[in-house]
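Reader: I am new to this structure and would like a close look at a single part of it, taken slowly. Please start from the framework, move on to what rests against it, and explain each term as it comes up.

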Amino acid sequence: MLRFGPAGYPQGSKNPKDGLDKTKALGLDALEVEFVRGARISEDKALEVGRMAKDRDIRLSCHAPYFISFNSENQETRDKSINWVMDTVRAAHNMGAYLIVIHAASYGKSPGTATQSVIDGLSRCKDIMDDEGIDDVILGIEAMGKKGQWGTLKEIEEVMDSVQGTHPVLDVAHVHARDIGWLRTEDDMRSLTEDFFKLSGDIAHFHISCIRYGDKGEISHLPLEAKDPDLQLLANVLRDTKQDCTFICESPLQEKDAVVFRDMF
């Protein structure tokens, strides 16, 4: 099954119900709830959003706060990062969202410690999840687009080997930008997705957009019309896939480009 949706409620949404209605009206069936400034939602509200999404057959995921940094030089930031992840996990659990997306770390002044720092931080999160009986939320670690950010598929795989319940989130534009524009052909896309599917678990979670990049990688996300990378190549490769996939559109035209990408199939 392939599902498509926006990163956040569609533009102009008055409330979650309106946002989910707009998503459904566009023929989309996934949505990522953006908790990038903090997962501040009551249990009752989260349960209500989950019921509304289920009624509309919309698959939910959640994006954790941007300020998570497990490799920070500041121990307080590392400790708060665990709290930020757990706030998002609890919200996702109450919503019935199957996965949260995490920007785990930057290399900073200690690139050699980054992978172990992520392992340590997410291990603590998983222990808390186990203590609270939360076993229905995947810790999704996003592949990052700047060379100074931790988060290649290989690095994420190292974390998966140590922390159960973690899987990669493949941001196609980030991978394209980090390697200075390498996704040029269907063979490039096929190679990337084959590597990803070995790690992705039951549902492969994608972020899609185009991207502006420079020598240090990602600069900013762009609409799909930029064709850098050309996501028609990705659609061609995955058109007949048997892998269950969620495609979340992070272009500046989230819901519009989610429809554009769906129609590429």
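Author: What follows begins with the sheet and then turns to the helices.

The model is a predicted one, in which local features need pLDDT of at least 70 and side-chain atom pairs count only at pLDDT 80 or more, while totals for chains, interfaces and linings use all residues. Residues are numbered from 1 along each chain as its sequence is written, and side-chain values use heavy atoms, with hydrogens and water left out.

The framework is an open sheet of eight strands, paired in the parallel sense and ordered β1-β10-β7-β6-β5-β4-β3-β2. Its edge strands are β1 (2-6) and β2 (30-34), each of which pairs on one side only. From one strand to the next, the twist averages 30°. Here strands (E, at least two residues) and helices (H or I, at least four) are DSSP runs numbered from the N terminus, and two strands pair if DSSP finds at least two bridges between them.

Within this sheet, β6 (residues 166-171) and β7 (residues 203-208) are joined in the parallel sense by three bridges, and Val 169 has His 205 of β7 as its bridge partner.

Across β5 (138-142) and β6 lies helix α5 (residues 153-162), which runs at about 165° to β6; angles go from 0 to 180 degrees between N-to-C directions of axes fitted to C-alpha atoms, for helices over the stretch in contact.

Helix α5 also packs with α4 (residues 114-131), at an angle of about 40° and with the axes 10 Å apart. That angle is why α4 counts as oblique to α5, a word for what is left once angles under 35 degrees (roughly parallel), over 145 (roughly antiparallel) and 65 to 115 (roughly perpendicular) are set aside. On the α4 side the contact (heavy atoms within 4.5 Å) is made by Thr 115, Val 118, Ile 119 and Leu 122, and on the α5 side by Glu 155, Glu 158, Val 159 and Ser 162. By class, these are four nonpolar, two polar and two charged residues.

At another helix, α9 (residues 254-263), the buried residues (under 20% relative accessible area with a 1.4 Å probe, protein chains only; exposed is over 50%, partly exposed in between) are Gln 254, Glu 255, Asp 257, Ala 258, Val 259 and Phe 261. Their cover includes the sheet strands β1, β7 and β10 (244-249), together with helix α8 (231-238).

Conventions. Nonpolar A, V, L, I, M, F, W, Y, C, P; charged D, E, K, R; others polar.
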